Amino acid sequence: MDAQFERRLLLSMNGQNSLSSYTSPIQSPIKTSDRYIPLRSSLSSSNLHYQFSTSPISSSPQKTQCSSTTTSPNKKCKYEQNEIGLSTGITGSEPDLAVYEQLLQNTLLNTNIDSILKTSDMQNTDSDTMKTVTTPKKSSTSKENCSIFRYSERREDLSCKSNLITKQHFNRSPISNASIHLLYSPKKTIRHIAELPYKVLDAPDLQDDFYLNLIDWSPSNILSVALGSCVYLHNAQTNSVQLLCDLTHTSLPVPNNNQVNIIGSDIVTSVNWSDWSNILAVGTQRGHIHIYDVTTRKRVQSICKHTNRVGVLAWNEWSLCSGSRDRTILEHDIRQQPIVHTFHGHKQEVCGLKWSPEKSILASGGNDNQLLLWSKNQPSQPLHVFNDHIAAVKAIAWSPHQQGLLASGGGAADRHIRFRSSLTCQTTSIYDTGSQVCQLVWSRNSPDELVSTHGVPQNHVVVWKYPTMQPLAKLLGHQQRVLYLAMSPDGESIVTGSGDETLRFWNIFPKAKCVRNPDSKLNGLYRMR
């Protein structure tokens with residue numbers, strides 16, 4: 001027997017291959033096919049070896065094997081960004097990185113994402129808020145099958161078979177239609193709120209009294225400021241200042257007589273503009289109310305019905321409501337001298353008055369920690385009484401966008417903003433601000449924003465996002481309590497006053513959206529010819 005044949009026979013009986021040591025370094029594939037392409041149909045964004053994110057990610061077991069030294073999360077994040085090209089050659093904001101991430105997913109994974117959700121308006125937006133319209137589901141495959149390059153035979157997709165010729169057959173661009181829509185999709189920019197006032201005015205003798213209301217902004221863009229015994233008018237457009245009245249020597253007409261009675265010096269405690277003309281109401285320390293015509297700068301009428309100071313005023317067309325330290329609320333019709341209505345309900349000084357946007361419900365707050373709702377048709381008793389505040393209620397604001405939505409703020413011992421519904425007479429939500437709430441006002445241009453001014457201990461101005469009550473901006477600058485607040489007629493700016501005798505103008509709200517009036521005579525599409 002041949003020696004070589006015997007050797008091969010013995011090796012084959014022992015289960016060994018005689019040609020194992022002479023195998024070729026190039027082996028043929030097990031699967032036979034004409035082409036090999038990556039199998040991407042069953043993959044998702046979670047199968048990527050590198051996750052496209054700017055946040056620190058824990059390293060995978062494969063990476064720990066390659067590196068022998070431990071690195072901090074910041075270094076790991078930088079290392080991963082270098083690998084995917086985010087930190088070298090590709091820089092941008094978070095929305096740009098989100099678009100870049102989805103563009104890669106469209107190219108590699110065929111996710112066909114064509115738009116990005118609207119991002120939040122907050123200045124400090126988290127990366128978690130950047131979400132796409134269609135979020136791919138996480139794959140349930142094991143870690144061993146997470147590789148992006150898996151080879152298999154080409155399979156015909158019967159669902160994609162079509163004899164129709166589309167524009168994609170003639171498209172020379174390597175970018176898909178979904179990626180093109182993604183690149184052209186509008187991205188909502190983050191609105192920046194200036195942290196510094198655009199104008200600061202000195203206001204000497206501006207009283208540091210929580211229960212007074214000494215500034216108001218008219219629809220004709222004129223700001224009225226009460227400084228001691230005087231009322232000044234500041235034109236916000238021309239920056240001119242005029243003296244309206246000086247109550248150092250107050251004179252009142254004697255009823256049924258043409259004589260004038262001089263009662264001596266008086267101090268202004270409240271001012272309020274009417275909504276329909278240049279009429280300004282001025283309340284005083286002696287309990288008097290003077291009505292002035294700003295156009296002629298003359299006093300039109302004087303009302304002397306209160307027995308103590310008038311701290312708050314509120315107009316309702318021709319009627320004027322006044323709240324006083326004598327615990328009463330009087331409604332006057334300036335077209336006639338007698339009192340129209342008297343509201344009895346508060347046990348201490350009334351410091352907050354606001355009519356609802358439809359002028360049917362009056363909300364009043366007082367030093368007795370109560371918030372009362374009054375009906376215009378039934379002033380004898382309040383519609384509802386809220387007793388949940390534990391401090392004086394001065395800050396009252398009705399939402400101009402949602403019917404019946406009312407916000408109220410408590411004083412130094414309360415520090416809460418409470419949202420209520422006048423339709424159900426229930427409190428919907430409560431938020432702790434951490435400081436005394438002095439004033440509240442809703443934005444006219446944005447339905448989900450409001451601003452509040454605060455006293456001790458922070459003395460700042462906060463812009464809130466409703467209903468989450470996330471602070472969009474915190475404005476600092478006043479050295480004492482921010483007691484006074486008024487909004488410009490265009491709804492974009494506010495002015496705040498403080499005991500530090502300064503007035504600060506802030507631009508915080510967005511511009512009003514232009515709404516086309518279909519009844520306009522200039523719009524010919526809505527007219528019959």
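How do β12 and strand β13 (residues 298–303) pair, and over how many bridges? I looked this up first, keeping in mind that the model is predicted. The two strands pair in the antiparallel sense, over 5 bridges.

**Entry 1: around β12**

I picked one residue and followed the contacts across. Tyr292 stands opposite Arg299 in β13. On the β11 side, Tyr292 of β12 is the bridge partner of Leu280. So that I keep the neighbours straight: strand β11 covers residues 279–284, and 5 bridges join it to β12, with the strands running antiparallel.

Then I went through the turns. The hairpin of β11 and β12 has 4 residues between the strands, and Gly287 takes a positive phi near 90° there. The hairpin of β12 and β13 also has 4 residues between its strands. In that hairpin I noted Arg297, with a positive phi near 55°.

Is β12 largely enclosed or left open? I checked burial for residues 289–293, and 4 of the 5 are buried, so the strand is largely enclosed by the rest of the structure.

**Entry 2: around β16**

I did the same for β16, residues 328–333. Here 6 of the 6 residues are buried, so I put this strand down as largely enclosed by the rest of the structure. I wanted to know which residues sit on which face. Thr328, Leu330 and His332 are on one side, while Ile329, Glu331 and Asp333 are on the other. Both faces are covered, and I jotted down that the buried set includes Glu331 and Asp333.

For pairing I used Leu330 as my marker. Leu330 is the bridge partner of Ser322, and it stands opposite Thr342 in β17. Strand β15 (residues 319–324) is joined to β16 by 5 bridges and runs antiparallel to it. On the β17 side (residues 339–344), I again found antiparallel pairing over 5 bridges.

The hairpin of β15 and β16 has 3 residues between the strands, and Arg327 takes a positive phi near 75° in it. The hairpin from β16 to β17 goes through 5 residues.

**Entry 3: the largest pocket**

What is the volume of the largest pocket? I get about 1100 Å³. Its lining has 40 residues, and those closest to the pocket centre are Asp216, Asn272, Lys354, Val441 and Arg444. The elements that give two or more residues to the lining are β4 (215–217), β10 (268–273), β14 (310–316), β18 (350–355), β22 (393–398), β26 (437–442) and β30 (482–487). Of these, β18 gives the most, with 5 residues. I split the lining by residue type and got 26 nonpolar, 8 polar and 6 charged.

**Entry 4: cysteines**

I asked how many disulfides there are, and the count comes to 0. I looked at Cys245 in particular: it is in no disulfide, and the nearest cysteine sulfur, that of Cys230, is 7.3 Å away. For scale, the cut-off I worked with has the two sulfur atoms within 2.5 Å.

Is Cys245 buried or exposed? It counts as buried, because its relative accessibility is 7% and the limit is under 20%. Cys304 came out as partly exposed, with a relative accessible area of 39%.

Methods
Residues numbered from 1 in each chain as written. Predicted model: local features only at pLDDT ≥ 70, side-chain atom pairs only at ≥ 80, totals over all residues. Heavy atoms only, no water. Buried < 20%, exposed > 50% of the residue type's maximum accessible area, 1.4 Å probe, protein only. Pairing = 2+ DSSP bridges. 1 Å grid on protein atoms, 1.4 Å probe; cavity = no way out; pocket = protein on both sides within 12 Å on 5 of 7 lines; lining within 4 Å. Points joined across faces, edges and corners; volume = space filled by probe spheres on them. Nonpolar A, V, L, I, M, F, W, Y, C, P; charged D, E, K, R; others polar.
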